[in-house]
Amino acid sequence: MMLSEVAVVSSGFDQQPSGEFVLSLHVRHELAHAVATPSVELTLADDFDRPLVRKVFLPQQLGLPLALAAGDGVRIEHRLVLDEDVQPHVSGFRIELFYP
C-alpha cells in the first residue's frame with residue numbers, strides 16, 4: 001500500500017475558548033478497494049517553524065476503523081490539552097500520514 005493513495009483533504013488546529021485545542025482532519029482515498037487507515041503525526045511549530053511537540057496517533061486512538069472502505073474518507077476531530085509552557089509558543093502545525 002502506497003501512502004500516496006491516501007490524501008489529507010483539509011486540516012485545522014484551533015484553540016477553543018476552554019483552552020483546549022481541536023485537531024480536525026479530513027482524510028480520503030479514491031481507490032476501488034479498501035485501504036488501511038494510516039496513522040497521523042501532528043507536529044506543532046513555533047513562529048520560526050521549529051518543532052515544539054510531535055505526537056503520533058494510531059487509528060484506534062482517534063476512534064477510526066483499521067481500514068477505509070473503497071472510495072471512503074473519514075473526518076476526525078480530536079481534542080488536546082497542551083502544556084502551559086508550550087501553548088503560548090504554538091503558531092503552526094503540520095500533519096503527516098504514515099504506515100508504521
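This is a dialogue on reading strands, aromatic rings and burial in a predicted model.

Biologist: How do I read a sheet, and in what order do the strands stand in the open sheet here?

Modeller: Strands of a sheet pair through backbone hydrogen bonds, and the pairing is either parallel or antiparallel. In this model three strands make an open sheet, in the order E5-E4-E8, with antiparallel pairing. Strand E5 (51-57) and strand E8 (92-98) are the edge strands, each pairing on one side only. On average, neighbouring strands of this sheet are turned by 15 degrees against each other, direction ignored.

Biologist: How many bridges join strand E4 to E5?

Modeller: Six bridges join E5 to strand E4, which covers residues 39-45. To follow one of the partners, start at Glu 41, whose bridge partner in E5 is Val 56.

Biologist: Which strand is joined to E1, and by how many bridges?

Modeller: E1 is joined to strand E2 (residues 21-28) by eight bridges, and the two run antiparallel. Within this pairing, Gly 12 stands opposite Ser 24 in E2. E1 and E2 form a hairpin, with five residues between them. In the turn, Gly 19 has a positive phi of about 100 degrees.

Biologist: Now the rings. What describes a pair of aromatic rings?

Modeller: A pair is described by the distance of the ring centres and the angle of the planes. A search of the whole structure finds two aromatic pairs. Phe 13 and Phe 21 form a stacked one, at 5.0 Å centre to centre and with 10 degrees between the planes. The other is Phe 13 with Phe 93: the centres are 6.0 Å apart and the planes stand at 40 degrees, so this pair is tilted. The tilted pair links distant parts of the chain, since Phe 13 is in strand E1 (residues 7-15) and Phe 93 is in strand E8, 80 residues apart. Phe 13, Phe 21 and Phe 93 form one aromatic cluster.

Biologist: Are Phe 13 and Phe 21 buried or exposed?

Modeller: The relative accessible area decides, and buried means under 20%. Phe 13 has 12% relative accessibility, so Phe 13 counts as buried. Phe 21 has 6% and also counts as buried. Phe 93 has a relative accessible area of 29%, so Phe 93 is partly exposed.

Biologist: Where does Thr 43 lie, and which residues is Thr 43 in contact with?

Modeller: Thr 43 lies in strand E4. Thr 43 is buried because its relative accessible area is 3%. Leaving aside neighbours within four places in sequence, Thr 43 contacts Pro 51, Val 53, Arg 54, Gly 92, Phe 93 and Arg 94. Phe 93 in that list also belongs to the aromatic cluster.

Biologist: What about Pro 100: is it buried or exposed?

Modeller: Pro 100 has a relative accessible area of 79%, so Pro 100 is exposed. Its place is in the segment after E8. An exposed residue can still have contacts to list: Pro 100 touches Ser 39 and Leu 58, not counting residues up to four places away in sequence.

Biologist: How far apart are Pro 100 and Leu 68, in sequence and in space?

Modeller: Pro 100 and Leu 68 are 32 residues apart in sequence, and 16 Å apart in space from C-alpha to C-alpha.

Methods
Residues numbered from 1 in each chain as written. Predicted model: local features only at pLDDT ≥ 70, side-chain atom pairs only at ≥ 80, totals over all residues. Heavy atoms only, no water. Pairing = 2+ DSSP bridges. Helix = DSSP H or I, 4+ residues; strand = E, 2+ residues; numbered from the N terminus. Axes fitted to C-alpha atoms, helices over the stretch in contact; angles between N-to-C directions. Buried < 20%, exposed > 50% of the residue type's maximum accessible area, 1.4 Å probe, protein only. Contact = heavy atoms within 4.5 Å. Phe/Tyr/Trp six-rings, centres within 6.5 Å; stacked < 30°, edge-to-face > 60°.
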